[in-house]
Amino acid sequence: MPESNFVDYVKIYCCSGKGGRGSSHFRRAKYIPKGGPDGGDGGRGGHVYLRGNRNLWTLLHLRYERHAIATPGDPGSAKGSTGKDGTDKYIEIPCGTVVYDADTGDFICDVTEDGQVIRLLKGGKGGWGNIRFKTSTNQAPRYAQPGEPLQERNVILQLKLLADVGLVGFPNAGKSTLLSVVTSAKPKIADYPFTTLEPNLGIVKYRDNRSFVMADIPGIIEGASEGKGLGLRFLRHIERNSLLLFMVPADSDDIKKEYSILSDELEKYNPDLVDKSRVLAITKSDLLDDELQTSLRKNLPEGIPCLFISSVARQGLDALNDLLWQELNRETFQDKDRIVRRKMDVRNIEPDDDSPEIDDSEDIDDDIENLL
């Protein structure tokens, strides 16, 4: 079986550079018998950084490069010359990567934006040369500092896809077909379960040159939150989606029950997923006549927008995109309201007598504009 190009979990060893040692040197020049100390400082060791890169969507490039090592600083030299700093090491990772300490399991950071840089390990500081220790009472110091030691740690990089809309459904619910029709993505499509073995991303082009990102998550089955099937491996990718599009085929024995199973599995995996906005799409609706469709509408889950679509016949796709765009905008405005409420809560706190008055009205406007 060929190896998958989608890698969302990798463990690597990271090591910063050791600081260069300071120089214990004395000036030697003709006709100057006691030139005094002139040893320079050592160079700083290289740092190790993480940097978000929107051009990456998998951790495959790190599967065979399991060591990220920065170079040490050079030692100081004569004439007060400072050693060269070590070269920093940048680890390029896709946006949406969560970083944990492999030994303790502690959360380290979360890289979500393109160009975001986080220092993972600090390089050792270079040691002082003996010129730094010269005083009026000690004019010929013969010692210098060694460089500070390096830092090292094993880290786990775990990718959680960032998408606006995540497709959730049992195997063969029509997720890959929908993605292939509304985007330019070309996922594998077949008539057997678990055709999709890795998440697929596509960009849906909406009206007026607007767009949103859609992610096809491999099929979930009952018990996925306990490790059955492929669900446990890919459930983490659903956490980062702004909106969940549940997909249930029209030929399902019980649409409401199937939706309930999917919802329960997400809640068992992460209770916070219950609060995400969701839409229910009944797929393969080209198999239904008007009478059957009317009958099914009476039995649909309550409290969630529902609509009938057919990716093959291209029925209801425009209405689906309109609904998804509307729900995504609603999420944006809810985020805006949360920012305003948070700011208002801060303003309602009675300041101390000595506290300076702060006008943060412009900050609120800036935060709202950034969301929109």
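**Exercise 1. Determine how many residues of strand β13 are buried, and on which faces they lie.**

Solution. Strand β13, residues 277-283, is mostly covered, since seven of its seven residues are buried, where buried means under 20% relative accessible area with a 1.4 Å probe and protein chains only. Strands here are DSSP runs of E with at least two residues, helices are runs of H or I with at least four residues, and both are numbered from the N terminus. Turning to the faces, S277, V279, A281 and T283 are buried on one side, while R278, L280 and I282 are buried on the other. The model is a predicted one, in which local features need pLDDT of at least 70 and side-chain atom pairs count only at pLDDT 80 or more, whereas totals for chains, interfaces and linings use all residues. Residues are numbered from 1 along each chain as its sequence is written, and side-chain values use heavy atoms, with hydrogens and water left out.

**Exercise 2. Identify the strands that pair with β13 and the helices that lie in its β-α-β units.**

Solution. Two strands count as paired if DSSP finds at least two bridges between them. On this basis β12, residues 243-249, runs parallel to β13 and is joined to it by seven bridges, with L243 standing opposite S277. Strand β14, residues 306-308, also pairs with β13 in the parallel sense, over three bridges, and F308 in β14 is the bridge partner of I282. For the connections, β12, helix α3 (residues 255-269) and β13 make a right-handed β-α-β unit, and β13, helix α4 (residues 290-297) and β14 make a right-handed unit as well. Right-handed means that, with the strands pointing away from the viewer, the path from the first strand over the helix to the second runs clockwise.

**Exercise 3. Work out the strand order of the open five-stranded sheet and state which strands stand at its edges.**

Solution. The order is β3-β1-β8-β5-β6, with mixed pairing. Strands β3 (67-69) and β6 (107-111) each have a single partner strand, so one side of each is left without a neighbour in the sheet. At the β3 end, β1 (residues 9-15) runs parallel to β3 and is joined to it by three bridges, the partner of C14 in β3 being A68.

**Exercise 4. Describe the chain as a whole through its elements and its burial.**

Solution. The protein chain holds six helices and 14 strands. Of its 372 residues, 45% are buried.

Key: Buried < 20%, exposed > 50% of the residue type's maximum accessible area, 1.4 Å probe, protein only.
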